[in-house]
Amino acid sequence: MKMFVCIKQVPDPNTAISKLDPATKRLVRSGVSLVLDPGDESTISAAIKLRDKVGNSELVALSMGPASAQEATRRALAMGVDRAILITDPALAGSDAFSTAQVLAAALKKEGADLIFCSTESTDGYTGMVPGGIAEFLGIPQLTFAREITIEGQKAIIKRVIPKGYQTIESTLPAVITIASGSYEAIYPTMKGIMGAKKKTLTQMSLADLGIAATQVGEAGAHERVLSIGKAEARAAGQIIKDDGNAAQQIAEFLQRYQLL
Amino acid sequence: MQSRLKSLPPARVAGNFSNEASQNTRLWRGSIAMVESPHAAHQAQMPVVTDLYNIDMMLSDEERMVRDTVRKFVRERISPIIGEHFEAGTFPRQLIPELAALGLLGMHLDGYGCAGLSAVCYGLACQELEAGDSGIRSFISVQGSLAMFPIFAFGSEEQKQLWLPRMARGEAIGCFGLTEPDTGSDAAHMRTSARRDGSSYILNGSKMWITNGGIADLAVVWAQAEDGIRGFIVERGTPGFSTSDIHRKLSLRASITSELHFDDCRIPATQMLPGVRGMRGPLSCLDEARYGIAWGSTGAARACYEVALEYAKSRIQFERPIAGFQLVQQKLVGMATELVKAQLLSLQLGRLKDSGHIHPVQISLAKRNNVREALHTAREARSILGANGITLEYPISRHMNNLESVFTYEGTDDIHTLIVGQAITGESAFS
Ligand SMILES: Cc1cc2nc3c(=O)[nH]c(=O)nc-3n(C[C@H](O)[C@H](O)[C@H](O)COP(=O)(O)OP(=O)(O)OC[C@H]3O[C@@H](n4cnc5c(N)ncnc54)[C@H](O)[C@@H]3O)c2cc1C
């Protein structure tokens, strides 16, 4: 089986304080340390687990980004992905979720994928629209918020997280599966994995390789525009429950209200 | 030399006052003088405060990945629990399988299930581990550099096959017995003896201050044999071999330190390390471990500096952050400067080791400088945190106390002074 995992390099959420550029209204990505999206680390881990369970399969990491995103793909290789593809092209700068999905789908079509893993959303942009876009462009089903995945023949069966539990759903292959955050613990690359990563293949693709015109993507092809940016509302003070004998009851009700119980 | 200097491009220190006023303001704010090249008209970005000399740029992708992976592991798996272990005086044994799975045990050895990391990668890993705790770094140093390395370098093929893969997997833990109750710095005069008896050796004596001793499945023990100092592999459970842990330590509390006792302990002669005789054996192990310590201590220093800097920026006294007081800034700048120096020293030491051109005197110089400065940094950081600095809520006192051991073991600060002193003067001042 040919499996793909779509990954992204983002400003390190552990060190960078995200800043928005008032002129471009976009996230500032220069002058901060860039890392493989921690959410993608969990998704990669889920994909590796499944690849090993299914057997006889190849797992490829696919990323779109500047040349510096190589480092993120190397990390995926060190974690255990078999090979990686980086789509990089100067014309891609400023691409929106629509073009990103279009470009990734073109590469996936070219490669021929049976199963495509994505995180639910990236840790920097949080649009959450790319996985759905990929499925749409490829004309295949999308299974979302998976916390458990099994493959049976030509079917994917997932447990899908919903507010009060989970649904079990199945679909035909090929399919896009998004992983529910927190469902898979990220594995660490091992020292041997890191040493072995440089021996694995990392292919670069340009827009020309995918037959996409520069005008369709990037700043020029963007369908979305950020109109304005504003400050988030300050968090309201929390609710303090004084124990007058029925605090436990009140806490339980509070949790129930948010469907946490 | 002269001609090389002349051919360098005319670098100029910006911040001379011929620049525009706005440029000067920026320089004052950034408080860093940038070297302007003829091609780069704009000022470089302010580097991150824990890497003021952009050493990150001098590392390869692979080296950065090793560092970042170990850093993440330390942040997620070690930092949350280490304070409790320090307080309880216990080593977090449950982490051994995870450290092994990461490939950190014997990471700089090649083959036999080891990862085969470069010296720089090994150093970076030590740096990150010790940013967590010197006790964890000590565990790794002892396992890899003091127990696995002598088997790797001086062991027979059978010994290597038998022990190294298991040790890399964390299924067998090793310790290194050199120091004795009566011989520390003067290890060459050790009393522990190994008497040949047919196809066996009989060991007598005791070893003191042995890291990992109480949990070790095997001890690499150095003893006086008829033909000089020899190394022996002694397995736990061998009759005549026992260990007892040393308690009431106020330093390296999250690490096990033990005594090893040998009372007519008979081991097969095949458990002697055939490849080395004399003090060169233990000393070459110490060179490996000291190398890791030179790097490791910079991690502890960085952790203390980071915490002190954050604290100083947020602690308000006399209606302003204490970071705004000159005396506090002086301490922070001193810490930042020494950190940069120690990092540069470590990296060049690593490059020398990877190129095969390292000399022990270089290791001594770096171990001495970096541990000494880390200890000083920890003490300064402690003072910046005031009363908070003495608690286990912050990592500083823990690092400070740990570094007292690091200052002493693997050659005391004094001994390294004498090693470098002898090397540069040609005069030995040891005895
Ligand atoms: C936590 C911990 C873990 C350890 N782990 C191990 C281990 O795993 N294996 C192992 O073999 N050992 C281990 N050691 C022992 C350590 O290596 C010794 O403590 C160290 O070598 C110093 O020996 P000593 O303590 O006997 O001090 P001494 O050698 O007695 O020195 C006492 C003081 O005298 C100074 N001094 C000694 N000789 C001279 C001289 N010629 N000139 C000037 N000053 C001198 C020293 O610098 C020191 O300040 C460990 C120690 C500690 C604290």
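These are my notebook entries on the contact between two chains, the ligand site and the salt bridges of a predicted model.

**Entry 1: the A–B interface**

I began with the contact between chain A and chain B. Chain A gives 16 residues to this contact, and chain B gives 23 residues. I then looked up the area. The two chains bury about 1,800 Å² between them. Carbon and sulfur atoms account for 58% of that buried area.

Next I went to the charged pairs. How many salt bridges cross the interface of chain A and chain B? The rule finds four. I picked out one of them: R74(A) and D61(B) meet through their side chains, 2.9 Å from N to O. For polar contacts between chain A and chain B, I noted a count of eight residue pairs, both residues at pLDDT 80 or more.

Which elements of chain A give two or more residues to the side that touches chain B? They are α2 (70-79) and α5 (191-197). I also sorted this side of chain A by class. It has seven nonpolar, three polar and six charged residues.

**Entry 2: the ligand site**

I turned to the ligand. There are 18 residues around it. Those that come nearest are T179(B), S185(B), W209(B), T412(B) and D414(B).

I listed three polar approaches. S185(B) places a polar side-chain atom 2.6 Å from a ligand oxygen atom. T211(B) also uses a polar side-chain atom, and this one lies 2.8 Å from a nitrogen atom of the ligand. With F430(B) the backbone is involved: one of its polar backbone atoms is 3.0 Å from a ligand nitrogen atom.

I checked how far the ligand is covered. On its own it has 970 Å² of accessible area, and the protein covers 68% of this.

Where in chain B does the shell come from? I found that β7 (200-211), α11 (396-408) and α12 (413-425) each supply at least two residues. By class, I noted nine nonpolar, seven polar and two charged residues in the shell.

**Entry 3: salt bridges overall**

I took the count over all chains last. It comes to 35 salt bridges by this rule. Side chains of opposite charge can pair when their charged atoms come close.

I looked up one pair within chain A. The side chains of R83(A) and E111(A) form a salt bridge at 2.8 Å, N to O. This pair links distant parts of the chain, with the two positions 28 residues apart in numbering. R83(A) sits in strand β5 (residues 83-87), and E111(A) in helix α3 (residues 97-111).

Methods:
Residues numbered from 1 in each chain as written. Chains lettered and ligands numbered in written order. Predicted model: local features only at pLDDT ≥ 70, side-chain atom pairs only at ≥ 80, totals over all residues. Heavy atoms only, no water. Contact = heavy atoms within 4.5 Å. Buried area = accessible area lost by both parts, 1.4 Å probe. Polar contact = N/O pair within 3.5 Å; in protein donor to acceptor, adjacent residues only side chain to side chain. Helix = DSSP H or I, 4+ residues; strand = E, 2+ residues; numbered from the N terminus. Nonpolar A, V, L, I, M, F, W, Y, C, P; charged D, E, K, R; others polar. Near = heavy atom within 4 Å. Areas by Shrake-Rupley, 256 points an atom, 1.4 Å probe, with all protein chains shown as cover.
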